[in-house]
Amino acid sequence: MCLGIPMQVVEIAAGFAWCEGQLGRKRIDMRLVGDQPPGTWVLAFIGAAREVLDEDEAQRISAALDALAAAMAGEAVDDALFPDLAGRQPMLPEHLRRPK
């Protein structure tokens, strides 16, 4: 399974940046999203930034990845790692709902 990982730009150069995240410090290709200033969060996938993220979104994705790692290790998953899903019933996408 391949997942995008939130990473924060710490150092920039033309076309790439050094970023830090859950996987440590990595050289990330920035050509799809353009050069970004230090402090910017990006979603990195296979060595390239695919999307610019705001800090809240980066933290939500990181929490979900932590929950996935816990589940894969057989540990209990805390609802706090999925605050947008906890305490509510799942909803079908609009195109799958029955007409009323």
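Q: What is a salt bridge, and how many does the structure hold?

A: A salt bridge is a side-chain nitrogen of Lys or Arg within 4 Å of a carboxyl oxygen of Asp or Glu. Side chains of opposite charge can pair when their charged atoms come close. In this predicted model, the structure holds four salt bridges.

Q: Which residue pairs with Asp29, and at what N to O distance?

A: Asp29 meets Arg31 in a salt bridge, with 2.5 Å from N to O. Asp29 is partly exposed, at 21% relative accessibility, and the cut-off for buried is under 20%. Its partner Arg31 is exposed, with a relative accessible area of 68%.

Q: Where does Arg97 find its partner, and are the two residues exposed or partly exposed?

A: The side chain of Arg97 meets that of Glu94 in a salt bridge, 3.0 Å from N to O. Glu94 is exposed at 60% relative accessible area, whereas Arg97 is partly exposed at 37%.

Q: Which residues are joined into one network by salt bridges that share partners?

A: Glu11, Glu20 and Arg25 form one such network. Within that group, Arg25 bridges to Glu20, and their closest N and O atoms are 3.4 Å apart. Arg25 has a relative accessible area of 42% and is partly exposed; Glu20 is also partly exposed, at 38%.

Q: Turning to the helix, what span does α1 reach, and what is expected?

A: The general figure to keep in mind is a rise of 1.5 Å a residue. Helix α1 covers residues 55-72, which is 18 residues, and reaches 26 Å from its first C-alpha to its last. That is close to the 26 Å expected.

Q: Which residues of α1 are buried, and what do they pack against?

A: An α-helix has 3.6 residues a turn, so residues three or four places apart point the same way. In α1 the buried residues are Ala58, Ser62, Ala63, Leu65, Ala67 and Ala70. The buried residues of α1 pack against three strands: β1 (5-13), β4 (41-45) and β5 (48-53).

Q: What is found at the start of α1, and what just after α1?

A: The two ends are read separately. At the start of α1, Asp54 places a side-chain oxygen within 3.1 Å of the backbone nitrogen of Asp56. Just after α1, Gly74 has a positive phi of about 80°.

Note on methods. Residues are numbered from 1 along each chain as its sequence is written. This is a predicted model: local features need pLDDT of at least 70, side-chain atom pairs count only at pLDDT 80 or more; totals for chains, interfaces and linings use all residues. Side-chain values use heavy atoms; hydrogens and water are left out. Buried means under 20% relative accessible area, exposed over 50%, partly exposed in between (1.4 Å probe, protein chains only). Helices (H or I, at least four residues) and strands (E, at least two) are DSSP runs, numbered from the N terminus. The expected span of a helix is 1.5 Å times one less than its number of residues. Contact means heavy atoms within 4.5 Å. A polar contact is a pair of N or O atoms within 3.5 Å; within protein, one must be able to donate a hydrogen and the other to accept it, and residues adjacent in sequence count only if both atoms are side-chain atoms.
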